[in-house]
Amino acid sequence: MATLPHQEIDLLKIVKKVSDSKPECGLGLQLPLIVRLPDVLKDRLESLQGAFELAIRSHNYDSHYQGVYPVKCNQDRFVVEDIVKFGSPFRFGLEAGSKPELLLAMSCLCKGNPDALLICNGFKDLEYISLALFARKLALNTVIVLEQEEELDLVVDLSQKLSVRPVIGVRAKLKTKHSGHFGSTSGEKGKFGLTTTQILRVVKKLDKLGMLDCFQLLHFHIGSQIPSTALLADSVSEASQIYCELVRLGAHMKVIDIGGGLGIDYDGSKSSDSEISVSYGLEEYASAVVRTVRNVCERRSVKHPVICSESGRALVSHHSVLIFEAISSSACDDAPSMSAFEHQYFIEGLTDEARADYLNLSAAAIRGEYEACLTYADLLKQRSVEQFKEGSVGIEQLATVDRFCDTFSKAIGASDAVRTYHVNLSVFTSIPDFWGIGQMFPIVPIHRLDQRPAVRGVLSDLTCDSDGKIDKFIGGGSSLPLHELEGNGGNNGGGQKYYLGMFLGGAYQEALGGVHNLFGGPSIVRVSQSDGPHSFAVTRAVSGPSCGDVLRVMQHEPELMFETLKHRAEECGQGDDGGMASAAVATSLARSFHNMPYLVSASSCSLTAMNNHGFYYCSEDDYDDIVADSAGAAAPVSEEEQWSYCCA
């Protein structure tokens, strides 16, 4: 459905609302920031449901579609709760692949449609299967999907002990294989599922136990980002044949679960040749599935099954936007060209070998042989570095050689014009798929869109790691069109802030992100459409993990660390005004534990240089307050209360 003008939301206005201080009527949150848009999530779910309903009507299909959301894609409480709420009219359910995911799915579905499916995938032990059987006792429509043949014995034994009649499915290991990166778990040698031989043994065992009526679902998954409907139809056709065979063998089959694989078009190419795109839309996908299942079942005279899919990436990717700042850029060195005197000084300072390189370079330039010029310039620089290492030239001469070669490269148009933009972000935390598998996401500025970008740049994050950069972009480029930073950025540069947005990152990134360099996750806001002046309302806001939070993840104890540092400050602050100085340091330290690990713009930084025993204290207002408190006769504050006060 097209967005109407009054429904548009300006991301920059959201950033301003979120990042402005509370006295300025903002929320006082720090970037980076994830903006969740539940209205987009609702639209995606309804669009998926609508596509299948249209296909069912078009192909005269005699059953219905009933999807589930695989919570592994984004386990955030409010994302899962929104999906259960929005999907309730459609009997939309959840899929779990681990015990904690099963617990959250059980809890959320207690508020959902009672007919919604709870699909239990993943490797299972006694506790997992017990939870799934308890879910059936709680009147949840639970299906235990066998990933390994031996799981059947556990299901049978526990169901008899708990007096629960289970509903069982199997994951079939199809012959059809998805050849791309995301299809590495498909085919006969895939990580998951049962072969046809193993499925037959499951049927015989259930028949012997009088439990063949419990076998009701067939599941398969050939990988994410299925590139074409032709491959999709191949896999669905193979699975439908297995489904019909199971019906023939006496299983009480009701559901065919086609798994995930519904792809999204990250790069806009709509091409099956790209691993980050697909050549179909929702309606084509649904039509291919429904048509294929119907054709196979009609030929085999089998009742049409309920069609289930586990489309996670296609549901949640669009509803989330990651917004971050470019805080500075490594601009090209715009040093003025050499004067005649400086040029002569440069030549005279060269060794005989280096002067020969210079003369060769000059001769090549006169002849217009620019490739040769660059070769001689490189030789000149390399020779100068070697001589610097030997101690035969000083740093001034080395810098002069660098300046000459850079000036020369610019003069012939051979200098690298790509800049490095330093962004207030951790790639490992917020975009782990880029680092891990080279997954590209659309990244664009969210403002100044009426201005033509003047430079090209790559993005470098805050981590002390050479992999912490983004240098591959949608469209195959190794740099991104960007605007000049005004005043060199909004952090230490003191200029206007420059915001970038990464889109289609709502699936997997938050769950996969780590704490490399102890950078935690971003702040998160939930933004809904409203009739207000800016067309949006922030319905939930959560600050990102603080320094203390990420330290706790690695088993540190911030409270004890604070006490240690406070005690050291008191020891080092002996003398005039020592009490006031140590109190100011303690407050500043506590605030650092409480703040997020990311950089703070100079205008809002709480640290101000003050000449008191070499320490850096809080802002002057905070310092004055501490001085006043220290001078008064108030009762001493306990250590626990002081920690709480400092963190408030």
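Helices here are DSSP runs of H or I with at least four residues, numbered from the N terminus. With that in hand, welcome to a tour of this predicted model, starting from one residue in its first numbered helix and moving outwards.

## Valine 15 and the turn that follows

Valine 15 is found in helix 1. Its relative accessibility is 1%, so valine 15 counts as buried. Not counting residues up to four places away in sequence, valine 15 touches Asp20, Leu31, Ile323, Ile446 and Tyr499. One of these partners, leucine 31, is 16 residues away along the chain, and the C-alpha atoms of valine 15 and leucine 31 are separated by 8.7 Å.

Leucine 31 has a backbone feature to check in your viewer: a cis peptide bond joins leucine 31 and proline 32, with omega at about 5 degrees. Proline 32 is part of the loop between helix 1 (11-19) and strand 1 (33-36).

## The protein as a whole

Stepping back, the protein has 22 helices and 20 strands. Of its 648 residues, 49% are buried. Among contacts with a separation of 6 or more, 75% are between residues 24 or more positions apart.

## A parallel sheet

In what order do the eight strands of the open sheet run? The order is 2-3-4-5-6-7-8-9, and the pairing is parallel. Strand 2 (68-70) and strand 9 stand at the edges with a single partner strand each, so one side of each has no neighbour in the sheet. On average, and with direction ignored, neighbouring strands of this sheet are turned by 25 degrees against each other.

At the strand 2 edge, three bridges join strand 2 to strand 3 (residues 93-96), and the two run parallel. Valine 68 has glycine 93 in strand 3 as its bridge partner. Helix 5 (residues 126-137) lies across strand 3, strand 4 (117-120) and strand 5 (141-146), and runs at about 150 degrees to strand 5. On the side-chain level, the charged end of lysine 124 sits over the ring of tyrosine 128, 5.6 Å from its centre.

## Histidine 304 and its neighbours

Histidine 304 lies in the loop between helix 9 (282-300) and strand 9 (306-308). Is this histidine 304 buried or exposed? Its relative accessibility is 6%, so histidine 304 counts as buried.

The side chain of histidine 304 has polar partners. It makes a polar contact of 2.7 Å with the side chain of glutamate 298. A polar atom of the histidine 304 side chain also lies 3.0 Å from the backbone nitrogen of aspartate 62. Leaving out residues up to four places away in sequence, histidine 304 touches Asn60, Tyr61, Asp62, Ser63, Arg294, Cys297 and Glu298.

Asparagine 60, one of the residues that histidine 304 touches, is found in the loop between helix 2 (38-58) and strand 2. The table sets asparagine 60 beside asparagine 517, a second non-glycine residue with positive phi.

| Residue | Phi | Loop | Relative accessibility |
|---|---|---|---|
| Asparagine 60 | near 50 degrees | between helix 2 (38-58) and strand 2 | 54%, exposed |
| Asparagine 517 | about 60 degrees | between helix 17 (509-512) and strand 17 (523-529) | 36%, partly exposed |

## Aromatic pairs

A pair of aromatic rings is described by the distance of the centres and the angle of the planes. Taking ring centres within 6.5 Å as the cut-off for a pair, the count comes to nine aromatic pairs.

One of them joins tyrosine 421 and tyrosine 498, a tilted pair with 6.4 Å from centre to centre and 50 degrees between the planes. Why does this pair tie together parts that are 77 residues apart in sequence? Tyrosine 421 lies in strand 11 (residues 418-423) while tyrosine 498 lies in strand 16 (residues 498-502), so the pair links parts with that separation. Both tyrosine 421 and tyrosine 498 are buried.

Phenylalanine 428 and tryptophan 435 have ring centres 5.2 Å apart and planes at 65 degrees, so this pair is edge-to-face. Phenylalanine 428 has 7% relative accessibility and therefore counts as buried, whereas tryptophan 435, at 47%, counts as partly exposed.

Elsewhere, ring pairs link Phe52, Tyr65, Tyr280 and Tyr285 into a cluster.

Definitions and conventions:
Residues numbered from 1 in each chain as written. Predicted model: local features only at pLDDT ≥ 70, side-chain atom pairs only at ≥ 80, totals over all residues. Heavy atoms only, no water. Buried < 20%, exposed > 50% of the residue type's maximum accessible area, 1.4 Å probe, protein only. Polar contact = N/O pair within 3.5 Å; in protein donor to acceptor, adjacent residues only side chain to side chain. Contact = heavy atoms within 4.5 Å. Phe/Tyr/Trp six-rings, centres within 6.5 Å; stacked < 30°, edge-to-face > 60°. Lys NZ or Arg CZ within 6 Å of the ring centre and 35° of its normal. Pairing = 2+ DSSP bridges. Axes fitted to C-alpha atoms, helices over the stretch in contact; angles between N-to-C directions.
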